[in-house]
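The following exercises are to be worked through with the sequence and the model at hand. Each task is followed by a solution in steps.

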Amino acid sequence: MGINEYFYAEEVDKNQLDELLNQAWRHFGHYFFRYSSSDDGEKEQTVVPLRIELARFQLSKSQRKILKKNADFDTYFRPAFIDEEKEDLFFFHKQKFSENRPANIYNFLSENPAKKPTQVYEVAVYNKKNELVAVSFVDISSNCFSSIYAMYLIRESYAKYSLGIFTLLKEIEFAKEMQKDYLHLGYAYSEASFYDYKKGFSALQAYDWEEGIWKNFKENP
């Protein structure tokens with residue numbers, strides 16, 4: 001029988017969050033969840049929680065190119081907050097989804113994300129006109145970062161910057177600076193899917209649902 005569990009919490013401290021992340025829990029706002037399979041109505045897919053062991057992480061050649069290409073952007077790491085600029089960016093970003101399009105940014109964050117239910121920070125990326133072009137949100141626990149959501153400008157002129165990958169690479173950078181052990185990437189699937197870009201990072205570990213432990217990731221064991 002598969003795992004499909006959830007609960008609601010007003011507040012979770014850093015040590016409690018570590019314990020939850022270690023058992024492959026995630027959360028959107030106050031809603032915490034974990035599940036081992038997903039059914040899109042046509043087929044059932046096996047969920048693969050992924051995390052990066054930061055001490056072993058190494059940039060790939062393509063990831064180095066992304067960092068170099070985006071060096072002129074101004075990037076800020078700070079407590080997360082929602083304002084009109086981010087709500088507008090979310091509205092345009094969500095147009096990329098043809099199915100299960102989220103209603104608003106509060107599908108993923110609380111109204112006070114820096115404090116409730118966990119401590120959430122953001123990686124905010126601005127161009128030279130001081131326009132917000134990308135932002136990602138991460139939980140910070142005692143030992144880990146955990147990516148929650150990323151959004152960016154959907155414009156042809158920005159496609160070359162790979163902004164979603166860029167914010168994730170900056171999350172890794174900040175997590176290592178804060179001497180964290182892991183960065184949790186959320187879920188991918190055993191089968192091919194939109195989330196396969198997560199499998200392209202080095203030092204990956206995957207959660208084994210049967211044994212309840214993390215193992216070095218092998219896409220085709």
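**Exercise 1. Describe the position and backbone of A24, and compare the description with that of Q179.**

Step 1. In this predicted model, A24 belongs to the loop that joins α1 (14-22) to β2.

Step 2. Although A24 is not a glycine, its phi is positive, at about 70 degrees.

Step 3. The relative accessible area of A24 is 4%. Buried means under 20%, so A24 is classed as buried.

Step 4. Q179 lies in the loop between α4 (163-177) and β10. Q179 also is not a glycine and has a positive phi, of about 60 degrees.

Step 5. The relative accessibility of Q179 is 72%. The cut-off for exposed is over 50%, and Q179 therefore counts as exposed.

**Exercise 2. Identify the residues around the largest cavity and state which elements supply them.**

Step 1. Three cavities of 30 Å³ or more are counted, and the largest has a volume of about 50 Å³.

Step 2. The lining of the largest cavity consists of L21, A24, W25, R26, P49, L50, H184, G186, Y187 and W214.

Step 3. Two elements, β5 (44-53) and β10 (182-189), each give two or more residues to this lining. The largest share, three residues, is that of β10.

Step 4. Sorted by character, the lining holds seven nonpolar residues, two polar and one charged.

**Exercise 3. Determine how the buried residues of α3 are arranged around the helix axis.**

Step 1. The buried residues of α3 are K86, L89, F90 and H93.

Step 2. Because these residues cover an arc of only 100 degrees around the axis, they are on the same side of α3.

Step 3. The spacing follows a general rule: an α-helix has 3.6 residues a turn, so residues three or four places apart point the same way.

Step 4. The packing partners of the buried residues of α3 are β6 (74-79), β7, β8 (132-140) and β9 (144-152).

Step 5. E84 and F92 are exposed on the other side of α3.

**Exercise 4. Trace the surroundings of S110 and H30.**

Step 1. S110 is placed in the loop between α3 (84-93) and β7 (120-126). With 7% relative accessibility, S110 is below the 20% cut-off and therefore counts as buried.

Step 2. The side chain of S110 makes two polar contacts with backbone atoms. One is with the backbone nitrogen of N112, at 3.2 Å; another is with the backbone oxygen of K116, at 2.5 Å.

Step 3. Beyond its neighbours within four places in sequence, S110 contacts G29, H30, K116 and P117.

Step 4. P117 also lies in the loop between α3 and β7. The peptide bond leading from K116 to P117 is cis, with omega near -10 degrees.

Step 5. H30 sits in the loop between β2 (26-28) and β3 (31-35). Its relative accessible area is 25%, which lies between the cut-offs of 20% and 50%, so H30 is partly exposed.

Step 6. When residues up to four places away in sequence are not counted, H30 touches F7, Y8, A9, E10, S110, K116 and P117. The side chain of H30 comes to 2.8 Å from the backbone oxygen of A9.

Step 7. H30 and E11 are 19 residues apart along the chain, and 7.9 Å separates their C-alpha atoms.

How values were computed
Residues are numbered from 1 along each chain as its sequence is written. This is a predicted model: local features need pLDDT of at least 70, side-chain atom pairs count only at pLDDT 80 or more; totals for chains, interfaces and linings use all residues. Side-chain values use heavy atoms; hydrogens and water are left out. On a 1 Å grid over the protein atoms alone, a cavity is a set of points where a 1.4 Å probe fits but cannot get out, and a pocket is an open set with protein on both sides within 12 Å along at least five of seven lines; lining residues have an atom within 4 Å of a point. Grid points are joined across faces, edges and corners, and a volume is the space filled by probe spheres set on the points. Helices (H or I, at least four residues) and strands (E, at least two) are DSSP runs, numbered from the N terminus. Ala, Val, Leu, Ile, Met, Phe, Trp, Tyr, Cys and Pro count as nonpolar, Asp, Glu, Lys and Arg as charged, and the others, Gly among them, as polar. Buried means under 20% relative accessible area, exposed over 50%, partly exposed in between (1.4 Å probe, protein chains only). A polar contact is a pair of N or O atoms within 3.5 Å; within protein, one must be able to donate a hydrogen and the other to accept it, and residues adjacent in sequence count only if both atoms are side-chain atoms. Contact means heavy atoms within 4.5 Å. The arc is that of the directions from the helix axis to the C-beta atoms.
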